[in-house]
Amino acid sequence: MNRHHLPVRTCVGCREREQKSHLVRLVWAASKVALDRNQVAPGRGAYLHRRPECLELAIRRRAVGRALRVTGVNSDQVAQLLEPAVGADTSA
Ligand SMILES: [Zn+2]
């Protein structure tokens, strides 16, 4: 198995590079941020660790909107969207 060929993305929270499969993908859909559970939705995606600290950093830096290249991202909406996903996988 060649690890160099695993797709890697940068977490918008901590800015660390990580295997795509270990991150949640966010997309902009219908003027709000949505979870792309299967990581296949078209358009730009923002990737984030399932960690409360990464979510907090991403919100504080407004990194989700920047990664998606959209304005009008609602921080509360993003936090609510991700709360169930964050912390679901504590092994990551
Ligand atoms: Zn992170």
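The stretch from residue 9 to residue 82 is 31% helix and 27% strand, and its end C-alpha atoms lie 18 Å apart. Helices here are DSSP runs of H or I with at least four residues, strands are runs of E with at least two, and both are numbered from the N terminus. In UniProt, an unreviewed entry lists residues 9-82 as "domain: YlxR". UniProt positions follow the numbering used here, with feature names shortened, and such annotations may be inferred rather than shown by experiment.

Before we go on, a word on the model. It is predicted, and local features need pLDDT of at least 70, side-chain atom pairs count only at pLDDT 80 or more, while totals for chains, interfaces and linings use all residues. Residue numbers start from 1 along each chain as its sequence is written.

**The sheet**

A good place to start is the open sheet, where 3 strands stand in the order 4-3-5 with antiparallel pairing. Strands count as paired if DSSP finds at least two bridges between them. Strand 4 and strand 5 are the edge strands, each pairing on one side only. On average, neighbouring strands of this sheet are turned by 35 degrees against each other, direction ignored. That angle is taken between axes, which are lines fitted to C-alpha atoms (for helices, over the stretch in contact), and angles run from 0 to 180 degrees between N-to-C directions.

Strand 3 (residues 23-29) meets strand 5 (residues 46-49) through 4 bridges, and the two run antiparallel. Here Arg25 stands opposite Tyr47, and Leu26 stands opposite Ala46. Strand 3 also pairs with strand 4 (residues 32-35), again in the antiparallel sense and over 4 bridges. On that side, Leu26 has Leu35 as its bridge partner.

Which way do the residues of strand 5 point? Ala46 and Leu48 point one way, Tyr47 and His49 the other, and all are buried. A residue is called buried if 20 or more other C-beta atoms lie within 10 Å of its own, exposed if 12 or fewer, and partly exposed in between, with C-beta atoms placed from the backbone. In general, side chains in a regular strand alternate between the two faces of the sheet.

**Positive phi angles**

Several residues in this model take a positive phi, and the table gathers them.

| Residue | Place | Phi |
|---|---|---|
| Ala30 | hairpin of strand 3 and strand 4 | near 55 degrees |
| Ser31 | loop between strand 3 and strand 4 | about 60 degrees |
| Gln39 | loop between strand 4 and strand 5 | near 55 degrees |
| Arg62 | just after helix 1 | about 50 degrees |

The hairpin of strand 3 and strand 4 has 2 residues between the strands. Ser31 is exposed, because 9 other C-beta atoms lie within 10 Å. Gln39 has 16 such neighbours within 10 Å, so Gln39 is partly exposed.

**Helix 1 and the core**

Helix 1 (residues 52-60) has Cys54, Leu55 and Ala58 as its buried residues. Seen down the helix axis, these fall within an arc of 100 degrees, so they line one face of helix 1. The arc is that of the directions from the helix axis to the C-beta atoms. As a general rule, an α-helix has 3.6 residues a turn, so residues three or four places apart point the same way. Glu53 and Arg60 are exposed on the other side of helix 1. The cover over the buried residues of helix 1 includes strand 5, helix 2 (63-68) and helix 3.

What does the largest nonpolar core hold? It has 20 residues, and those with the most contacts inside it are Val12, Ala46, Leu48, Ala58 and Val64. Such a core is a set of buried Ala, Val, Leu, Ile, Met, Phe, Trp, Tyr and Cys residues joined through C-beta atoms within 7 Å. Strand 3, strand 5, helix 1, helix 2 and helix 3 each supply at least two residues of this core. Strand 3 gives the largest share, 4 residues.

Val12 is in contact with Ala46, Tyr47, Leu48, Ala58, Ala63, Val64 and Ala67, leaving aside neighbours within four places in sequence. Contact means that two C-beta atoms, placed from the backbone, lie within 7 Å.

**After helix 3**

Ala85 sits in the segment after helix 3 (75-82). Ala85 counts as partly exposed because it has 15 C-beta neighbours inside 10 Å. Not counting residues up to four places away in sequence, Ala85 touches Val24, Leu35 and Arg50. Ala85 and Arg69 are 16 residues apart in sequence, and 23 Å apart in space from C-alpha to C-alpha.
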